[in-house]
Amino acid sequence: MNLFLIIIATVLALNQAYRQYENYQVFRFLPQTRSQLAFLRRLAFNRTFQHESSSIDFWSHPTNLNQSVDVLLSSQARRELSSTLERKKLKFTILIDNVQK
């Protein structure tokens with residue numbers, strides 16, 4: 001009986017840990033103004049985007065001007081942030097177009 005419960009618990013844990021990254025992209029931002037850097041810093045600690053459908057994961061953290069910041073963005077997060085990124089004139093390149101592939 002104990003072995004059965006361990007197997008079930010393991011399967012459930014693995015199922016929770018597995019995540020699809022279809023249409024997630026990795027962006028490299030280059031903050032050139034204090035306003036851009038402050039925006040990225042606020043975003044790095046904003047829990048609004050940490051739920052499943054609108055995910056942001058900072059692969060490198062915003063620390064200095066003219067230092068690149070790599071960020072994994074879900075498609076939902078990109079839609080929610082696109083107008084703000086345009087308004088802030090935050091330069092970026094796409095490092096990985098689709099993380100799942």
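These questions and answers cover a salt bridge, aromatic pairs and some asparagines in a predicted model.

Colleague: How many salt bridges does a search of the whole structure find, and how far apart are the closest N and O atoms?

Modeller: The search of the whole structure gives one salt bridge. Its partners are Arg-28 and Asp-70. Arg-28 sits in strand E1 and Asp-70 in strand E3, so the pair ties together parts 42 residues apart in sequence. The closest N and O atoms are 2.7 Å apart.

Colleague: Is Asp-70 buried or exposed?

Modeller: Its partner Arg-28 has a relative accessible area of 33%, so Arg-28 is partly exposed. Buried means under 20%. Asp-70 has 12% relative accessibility, so Asp-70 counts as buried.

Colleague: How many aromatic pairs are there, and what is the geometry of Tyr-21 and Tyr-24?

Modeller: The whole structure holds four aromatic pairs. For Tyr-21 and Tyr-24, the ring centres are 5.0 Å apart and the planes stand at 75°. Planes over 60 degrees apart count as edge-to-face. The pair is therefore edge-to-face.

Colleague: Which of these counts as buried, Tyr-21 or Tyr-24?

Modeller: Tyr-21 has 26% relative accessibility, so Tyr-21 counts as partly exposed. Tyr-24 has a relative accessible area of 6%. Under 20% means buried. The buried residue is therefore Tyr-24.

Colleague: How are the rings of Phe-27 and Phe-29 arranged, stacked or edge-to-face?

Modeller: Their centres are 5.8 Å apart, with 20° between the planes. Planes under 30 degrees apart count as stacked. Phe-27 and Phe-29 are both buried. The pair is stacked.

Colleague: Which residue joins Phe-27 and Phe-29 in a cluster?

Modeller: Phe-27 and Phe-29 form an aromatic pair. Ring pairs link these two into a cluster with Phe-92.

Colleague: Where does Asn-98 lie, and which residues is it in contact with beyond its neighbours within four places in sequence?

Modeller: Asn-98 is in the segment after strand E4 (91–96). Its relative accessibility is 12%, so Asn-98 counts as buried. Leaving aside neighbours within four places in sequence, the contacts of Asn-98 are Tyr-21, Glu-22, Asn-23 and Tyr-24.

Colleague: What is the phi of Asn-23?

Modeller: Asn-23 lies in the loop between helix H1 (2–17) and strand E1 (25–30). At 41% relative accessibility, Asn-23 is partly exposed. Asn-23 is not a glycine, yet its phi is positive, about 70°.

Colleague: And what is the phi of Asn-66?

Modeller: Asn-66 is in the loop between strand E2 (56–58) and strand E3 (69–73). Asn-66 is exposed, with a relative accessible area of 53%. Asn-66 is not a glycine either, and its positive phi is about 60°.

Methods:
Residues numbered from 1 in each chain as written. Predicted model: local features only at pLDDT ≥ 70, side-chain atom pairs only at ≥ 80, totals over all residues. Heavy atoms only, no water. Helix = DSSP H or I, 4+ residues; strand = E, 2+ residues; numbered from the N terminus. Buried < 20%, exposed > 50% of the residue type's maximum accessible area, 1.4 Å probe, protein only. Contact = heavy atoms within 4.5 Å. Salt bridge = Lys/Arg side-chain N within 4 Å of Asp/Glu carboxyl O. Phe/Tyr/Trp six-rings, centres within 6.5 Å; stacked < 30°, edge-to-face > 60°.
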